[in-house]
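Load the model and keep the sequence beside it. The walk below goes from the whole chain to its parts, and then to single residues.

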Amino acid sequence: MPSTDTAPVAPKNAYYEIRALPGKGYGCIAIQNISRGTRILTDAPLLIVPMADYMKTDIELAFSSLASAQKALYFSLHSGHGQPASAWPSQIHPSVPARERQRIEEQHAARTGKEATLISIFQTNCMEMGAGAAVFPYAVRFNHSCNPNACFSWNAAIGKETIHTMRDIKEGEEVTISYVDMEHDKRLRAWELRHYGFVCDCPACGDEDDEKSFAFESAERRLQVQELDRETRLLRGFKLTEGAKQPAFANKLLKMAVLLQGEGCWDARLAGVFFDIALVCEYNGDYKMGVLAGEKALQIKRGCQGIDFPNFKRHAEAVERIKASRRREMGEAHGWKALDCSSS
Ligand SMILES: C[S@@+](CC[C@H](N)C(=O)[O-])C[C@H]1O[C@@H](n2cnc3c(N)ncnc32)[C@H](O)[C@@H]1O
């Protein structure tokens with residue numbers, strides 16, 4: 001439950017409002033139809049903890065520098081404390097180093113404690129931010145779905161967390177994000193979500209044995225994405241040119257893109273897959289496909305992160321380069337080169 005009884009209000013916006021939802025505390029409900037690719041929130045951090053493996057003292061230090069209104073705002077956020085200790089492992093293996101042991105004990109005490117604490121609120125609401133994590137006072141109000149209709153990103157260029165819609169959303173629908181990696185299977189997701197103190201009942205968490213269900217299809221897609229990701233991961237990034245030399249590589253990426261779209265994941269991962277397809281096509285001299293994939297990558301990236309996202313310009317420049325190669329190729333195919341007097 002939220003730590004205070006005062007209902008939170010979303011920043012003034014045309015897209016959604018925060019409402020109390022049965023069994024979920026508060027959540028964000030669309031107040032008009034929203035098209036895919038709409039930025040519905042930019043949110044500045046309230047409390048930043050600059051390391052991933054934070055200790056209680058790191059949160060205390062960050063909290064101590066807040067103004068009193070910010071402290072009150074922090075304590076108005078949802079807390080996942082009060083979980084039964086029996087639901088969690090009762091022992092820590094002796095091989096675990098002392099610092100990590102202390103960290104686990106602090107986290108456990110916060111989760112199972114009787115009251116909301118700095119840690120229990122941080123656990124429930126923090127989002128990755130650079131090398132650490134932060135609490136964003138409005139982004140925290142979005143509930144989870146394993147099959148979400150929106151996604152979040154830390155945009156370092158504007159210093160804000162953004163929420164973008166990944167699908168067309170109807171007025172009255174809840175806007176959700178995913179707290180977990182889409183590749184994870186139902187069991188792993190359920191374990192991860194236990195840390196937040198709830199059991200997910202989204203369509204992807206339905207009966208996976210029913211072959212006609214969304215959950216069945218979704219599980220199949222996730223499994224295939226996971227396999228394709230494993231097969232291609234080491235050949236992406238700075239090793240992409242090695243990947244490009246393998247005949248099946250681009251097809252694997254394309255398959256991954258189809259599966260992600262089937263799952264409704266119009267997010268940065270999908271944009272990244274299309275961008276890599278574009279670069280592979282460029283490397284292999286298939287500029288026509290390269291332009292198509294590159295434009296698709298930019299369209300998705302614009303929709304899920306925005307053109308002000310730090311690496312958007314770099315991606316757009318790469319796509320322009322592929323387009324220029326395609327134009328040259330077309331020119332040569334039409335004999336324009338022969339007409340170019342300046343080259344004689
Ligand atoms: C980041 S907060 C989300 C906003 C929160 N509902 C609130 O009232 O402020 C995370 C908490 O919301 C609740 N929650 C999020 N997604 C949920 C879901 N799909 N089903 C039930 N509870 C959910 C859980 O209590 C979780 O610990």
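**From the chain to its residues**

Of the 344 residues in the protein chain, 35% are buried. This is a predicted model. Its protein chain has an average pLDDT of 95. A pLDDT of at least 70 is reached by 96% of the residues. The scores for the model are ipTM 1.00 and pTM 0.94.

Start with the overall build. Twelve helices and ten strands make up the secondary structure count of the protein chain. The C-alpha trace spans about 80 × 45 × 45 Å along its principal axes. Now take the contacts in the protein chain with a separation of 6 or more. Residues 24 or more positions apart account for 65% of them.

Next, the domains. The domain assignment gives domain 1 as 16-182 and domain 2 as 235-333. Their C-alpha centres are 32 Å apart. How many residues of each domain are in contact with the other? Domain 1 contributes 15 residues, and domain 2 contributes 14. On the side of domain 1 that touches domain 2, β8 (150-155) and β9 (160-165) each supply at least two residues. Strand β8 gives the most to that side, with three residues. By class, this side of domain 1 holds six nonpolar, six polar and three charged residues.

Ala 157 is a good place to look next. It sits in the loop between β8 and β9. Is Ala 157 buried or exposed? It has 12 C-beta neighbours inside 10 Å, so it counts as exposed. Beyond residues up to four places away in sequence, Ala 157 touches Asp 308, Phe 309 and Pro 310. Glu 231 is 74 residues from Ala 157 along the chain, and their C-alpha atoms are separated by 32 Å.

Now go inside. In soluble globular proteins, nonpolar side chains tend to be buried together. Here the largest nonpolar core has 68 residues. Val 135, Leu 270, Phe 274, Ile 277 and Ala 278 have the most contacts inside this core. Which helix gives the most to the core? Helix α9, residues 268-283, does, with ten residues. Where does this core lie with respect to the domains? Domain 1 and domain 2 both give residues to the core, so it lies between them.

Two core residues deserve a closer view. Phe 274 is in helix α9. Its C-beta atom has 26 others within 10 Å, so Phe 274 is buried. The residues that Phe 274 touches, not counting those up to four places away in sequence, are Ala 257, Ala 293, Lys 296, Ala 297 and Ile 300. Ala 333 is 59 residues from Phe 274 along the chain, with 27 Å between their C-alpha atoms. Turn to Ile 277. Leaving aside neighbours within four places in sequence, Ile 277 is in contact with Ala 250, Leu 253, Leu 254, Ala 257 and Ala 293. Ala 257 and Ala 293 thus appear in the contact lists of both Phe 274 and Ile 277.

Back in domain 1, consider Ile 169. It is in the loop between β9 and β10 (174-177). Why does Ile 169 count as buried? Because it has 24 C-beta neighbours inside 10 Å, and a residue with 20 or more is buried. The contacts of Ile 169, leaving aside neighbours within four places in sequence, are Ala 30, Asn 33, Ile 34, Asn 149 and Val 175. Ile 29 is 140 residues from Ile 169 along the chain, yet their C-alpha atoms are separated by 9.8 Å.

Last comes the ligand. Which residues are closest to the ligand? Among the 19 residues that surround it, the closest are Gly 25, Tyr 26, His 78, Asn 143 and Tyr 196. Three elements give two or more residues to this shell: β2 (25-30), α4 (118-125) and β7 (143-144). Strand β2 supplies the largest share, three residues. How does the shell divide by class? It has six nonpolar, eleven polar and two charged residues.

Note on methods. Residues numbered from 1 in each chain as written. Domains from an automatic or database assignment. Contact = placed C-beta atoms within 7 Å. Helix = DSSP H or I, 4+ residues; strand = E, 2+ residues; numbered from the N terminus. Nonpolar A, V, L, I, M, F, W, Y, C, P; charged D, E, K, R; others polar. Core = buried A, V, L, I, M, F, W, Y, C linked by C-beta atoms within 7 Å. Near = placed C-beta within 6 Å. pLDDT = per-residue confidence, 0-100.
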